[in-house]
Amino acid sequence: MAIQWYPGHMAKARREVSEALKQVDIIYEIVDARIPESSRNPLLDEIGQGKKRLIILNKADLADPAATRAWIDYYAAHQLPAIAIDAQHTKGINQIAQATRAELAEYVAKQKDRGVRQVLLRAMCIGIPNVGKSTILNRLAQRNIAQAGNTPGVTRAQQWIKTNADIMLLDTPGILWPKFEDPLVGTKLALTGAIKDTLFHPDDVALFALKQLSHQAQDELTKFYHVTPAELQLAGPDLLMQMTAHLGFRDDYERTSWAIINDVRKGRLGRFTWDEVPADGQ
Ligand code: GDP
């Protein structure tokens, strides 16, 4: 359930996240693997400057695996270590500790030189709403600690939880706002459930999804929406109209749009990545 952001929320989030960041050695930047760039908040580049960072592409179970690999390579080429996980089904969680140790190896070595016997590494999760911060926290803590719901910033007094012998994690994630400026980014955030359902028109979002689905999910569209091969050739609104007719929704295009959006969000139509790796990425 995503919140609606106002300037006051953003200022508070910025202040609280900046404050919390002072306490950690590494930031776990949680993004949605289906939209690895659109689900990032650029503010983190500014307030997280000088901190080690690990990008965690969560919900990899819903994303196109080849695209996920391409995104990880892209980030690596930009000196940003990244891993892909599926927190919901506890897949890939161990990579987080491994990557943390690798990133902080130099710091650990220095501390050991200074005579510190057991070096503790401190981390926190940060991301926009709904990318899976709480789920990841619970998996790392191996118990339910993160509260449900979303409030901007870092929402209550924080405590450290021990996730491994050497890694401590703040028990409240930092919540930053999604990018609002670019309408296409907004559409992708809506499609993946990162912005409130009341804040966008479902037809635009469904039409955006259909463009890709009519190429990449022809069998699923035929199976779930009874679309014919000829109809698949139709451009946007005409295809949506045909689907609405097949579903018996009369002229209720919004209802069809919501059906498409919900099916995409649940992964019923397949695994898709909606952000393309920029051309300069190798
Ligand atoms: P937060 O707002 O960032 O704390 O996100 P939550 O942890 O509350 O997760 C938002 C929704 O995404 C919940 O319905 C989770 O069950 C779901 N979710 C979290 N991680 C994954 C994942 O890896 N895969 C899938 N399919 N769903 C996930």
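**Figure 1. Strand 1 in this predicted model is mostly covered.** Let's start with the strand that spans residues 26–32, where seven of the seven residues are buried. Ile 26, Tyr 28, Ile 30 and Asp 32 point one way from strand 1, while Ile 27, Glu 29 and Val 31 point the other way. Both sets are buried, Asp 32 and Glu 29 included.

**Figure 2. Strand 1 pairs with strand 2 and with strand 4.** Which sense does the pairing with strand 2 take, and over how many bridges? Strand 2, residues 52–58, runs parallel to strand 1, and seven bridges link the two. One pair to look for is Ile 30 with its bridge partner Ile 56 in strand 2. Strand 4, residues 121–127, also pairs with strand 1 in the parallel sense, over four bridges. Here, Tyr 28 of strand 1 has Cys 125 of strand 4 opposite.

**Figure 3. Sixteen residues form the shell around the ligand.** If you are setting up a view of the ligand, the closest residues to show are Gln 88, Gly 132, Lys 133, Ser 134 and Thr 135. Which helix gives the most to this shell? That is helix 6, residues 133–141, with three residues. Sorted by class, the shell holds eight polar, four charged and four nonpolar residues.

**Figure 4. Helix 7 is largely enclosed by the rest of the structure.** The helix covers residues 183–192, and it counts as largely enclosed because eight of its 10 residues are buried. Those buried residues are Val 185, Gly 186, Thr 187, Lys 188, Leu 189, Ala 190, Leu 191 and Thr 192. What covers them? The cover includes strand 1, along with helix 8 (202–216) and helix 12 (253–266). Just after helix 7 comes Gly 193, with a positive phi near 90 degrees.

**Figure 5. Helix 8 packs across helix 11.** The two axes come within 10 Å and cross at roughly 90 degrees. That angle falls between 65 and 115 degrees, so helix 8 is roughly perpendicular to helix 11. From helix 8, the contact is made by Ala 206, Leu 207, Leu 210 and Ser 214. They meet Gly 236, Pro 237, Leu 239 and Leu 240 in helix 11. By class, the contact has six nonpolar residues, two polar ones and no charged ones.

**Figure 6. Helix 11 also packs against helix 12.** How far apart are the axes of helix 11 (residues 236–247) and helix 12, and at what angle do they pack? The axes lie 9 Å apart, and the angle is about 95 degrees. The pair is therefore roughly perpendicular. Leu 240, Met 243, Thr 244 and Leu 247 of helix 11 meet Tyr 253, Thr 256 and Ser 257 of helix 12. This contact has four nonpolar residues and three polar ones, with no charged residue. Leu 240 is worth labelling in this view, as it meets helix 12 and is also among the residues of helix 11 that meet helix 8.

**Figure 7. Val 277 sits in the segment after helix 12.** Is Val 277 buried or partly exposed? Val 277 counts as partly exposed because it has 19 C-beta neighbours inside 10 Å, and a buried residue needs 20 or more. Leaving aside residues up to four places away in sequence, Val 277 touches Ala 70, Trp 71 and Tyr 74. Ser 18 is 259 residues from Val 277 along the chain, and the C-alpha atoms of the two are separated by 29 Å.

Methods
Residues are numbered from 1 along each chain as its sequence is written. This is a predicted model: local features need pLDDT of at least 70, side-chain atom pairs count only at pLDDT 80 or more; totals for chains, interfaces and linings use all residues. A residue is near a molecule or strand if its C-beta atom, placed from the backbone, lies within 6 Å of it. Ala, Val, Leu, Ile, Met, Phe, Trp, Tyr, Cys and Pro count as nonpolar, Asp, Glu, Lys and Arg as charged, and the others, Gly among them, as polar. A residue is buried if 20 or more other C-beta atoms lie within 10 Å of its own, exposed if 12 or fewer, and partly exposed in between; C-beta atoms are placed from the backbone. Two strands pair if DSSP finds at least two bridges between them. Two residues are in contact if their C-beta atoms, placed from the backbone, lie within 7 Å. Axes are lines fitted to C-alpha atoms, for helices over the stretch in contact, and angles run from 0 to 180 degrees between N-to-C directions. Angles under 35 degrees count as roughly parallel, over 145 as roughly antiparallel, 65 to 115 as roughly perpendicular and the rest as oblique.
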